Number of protein chains: 2
Amino acid sequence: MQNSDAMALSAALLAAAGGLTQRIHEGVVARGFEGLRPAHGFAFARLAPDGATVTDLAAHLGMTKQAASQLVDELVRKGYAERRPHPADARARLVMLTESGWACTRAAEAAAADAVRAWVDVLGESEVRALGDRLLRIAPGGPVRPAW
Amino acid sequence: MQNSDAMALSAALLAAAGGLTQRIHEGVVARGFEGLRPAHGFAFARLAPDGATVTDLAAHLGMTKQAASQLVDELVRKGYAERRPHPADARARLVMLTESGWACTRAAEAAAADAVRAWVDVLGESEVRALGDRLLRIAPGGPVRPAW
DNA sequence: GGTAGATGGTCAAGTAGCTTGACCATCCTG
DNA sequence: CAGGATGGTCAAGCTACTTGACCATCTACC
């Protein structure tokens, strides 16, 4: 395999990821959630299950805890999250999604589903499943971080 | 296909793209090119064939021409590009890669090839080719822009 | 051929999202 | 119950972008 093939594959992967990010973002906006940037989506993904501390979030997003704290401030101010006392550690605070935050998460899922549906129209369902399977096997198991 | 499947596929795609970006960047640094951010790679891709004007570059990168101009300033200051008079338009200036810029482009190709080689080890060559083929078909034909 | 608007580019100032540094409160370990 | 580690915030600074204003040159129309 030539270097130029590797570049073509890389470009396709980055273009697909960029397009997906943009479509999800547009879909979320279209569903009435404003003032959010794609980076917030990564935060929602970490907060969704059971909440998280600011330090957890910072590690997940690959940023300092100060920056994560600012980001949480913003989510709180906009009503998507709230800080609650941590049940087991008086230093820590558990950041949890509000009902509005959950609604936004569902909107993001719906937008992602729309984007994937467009791929199914082009490739067919089995091909899309195969694509997902292969991506999973080459994706670094770790956290999904905005890397550039 | 469930919404949760779409999210899993999206996460895998974004993780793969993020990992690839990071690996390319690390590979470029490891080959001795410093002071460059991943975003510069997108600029190099546009400059590589025959040079480009600042306005072209801005459109390609999805930013204002002022920002693109600043970015070119930086590349010039670091010796990767140079501004030459445009042969057919006295207003415009043609930004071209220097020999050092070409060397950096080759380093990025080599780093991408390394990353792809790691995928081949996991999936096998034919699967990786199939992956690239499918990505090309779902990627928005347009320019590769850093979308978040 | 001259003039009016469009286009390429830069200078200047402002903004948003991150960083580093300092600090306090609470925890855990010996 | 000390002393260090950890969770979190406040404050200041940096950097890559933005918007706004401006000049030089191209292009189209009369």
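The contact between the two chains takes 46 residues from chain A and 45 residues from chain B. Two residues count as in contact if their C-beta atoms, placed from the backbone, lie within 7 Å. This is a predicted model, in which local features need pLDDT of at least 70 and side-chain atom pairs count only at pLDDT 80 or more, while totals for chains, interfaces and linings use all residues. Residues are numbered from 1 along each chain as its sequence is written, and chains are lettered from A and ligands numbered from 1 in the order in which they are written.

On the side of chain A that touches chain B, at least two residues each come from helix H1 (3-30), helix H2 (38-47), helix H5 (99-123) and helix H6 (125-138) of chain A. Helices (H or I, at least four residues) and strands (E, at least two) are DSSP runs, numbered from the N terminus. H1(A) gives the most to this side, with 18 residues. By class, this side of chain A has 33 nonpolar, 7 polar and 6 charged residues. Here Ala, Val, Leu, Ile, Met, Phe, Trp, Tyr, Cys and Pro count as nonpolar, Asp, Glu, Lys and Arg as charged, and the others, Gly among them, as polar.

Now one helix pair across the chains. H1(A) packs against helix H5 (residues 99-123) of chain B at an angle of about 80°, and their axes are 8 Å apart. Axes are lines fitted to C-alpha atoms, for helices over the stretch in contact, and angles run from 0 to 180 degrees between N-to-C directions. H1(A) and H5(B) are therefore roughly perpendicular, the word used for 65 to 115 degrees; under 35 is roughly parallel, over 145 roughly antiparallel, and the rest oblique. From H1(A) the contact uses Asn3(A), Ala6(A), Met7(A), Leu9(A) and Ser10(A), and from H5(B) it uses Glu109(B), Ala110(B), Ala112(B), Ala113(B) and Val116(B). That contact has 7 nonpolar, 2 polar and 1 charged residues.

Next, the core. Which residues of the largest nonpolar core touch the most other members? They are Leu13(A), Ala16(A), Leu13(B) and Ala16(B), out of 80 residues. A nonpolar core is a set of buried Ala, Val, Leu, Ile, Met, Phe, Trp, Tyr and Cys residues joined through C-beta atoms within 7 Å. Buried means that 20 or more other C-beta atoms lie within 10 Å of a residue's own, exposed means 12 or fewer, and partly exposed is in between, with C-beta atoms placed from the backbone. Leaving aside neighbours within four places in sequence, Leu13(B) contacts Ala16(A), Ala17(A), Leu20(A) and Leu135(A).

Within chain A there are 6 helices and 2 strands, in the order α-α-α-α-β-β-α-α from the N terminus. Of its 148 residues, 35% are buried.

That leaves the DNA. Strand C is surrounded by 21 residues, of which Ala67(A), Ala90(A), Thr53(B), Ser69(B) and Ala92(B) are the closest. A residue is near a strand if its C-beta atom, placed from the backbone, lies within 6 Å of it. H4(A) supplies the largest share of the surface near strand C, 4 residues. That surface has 7 nonpolar, 7 polar and 7 charged residues.

Strand D has 20 residues around it, and Thr53(A), Ser69(A), Ala92(A), Ala67(B) and Ala90(B) come nearest. The surface near strand D gets the most from H4(B), with 4 residues, and divides into 7 nonpolar, 7 polar and 6 charged.
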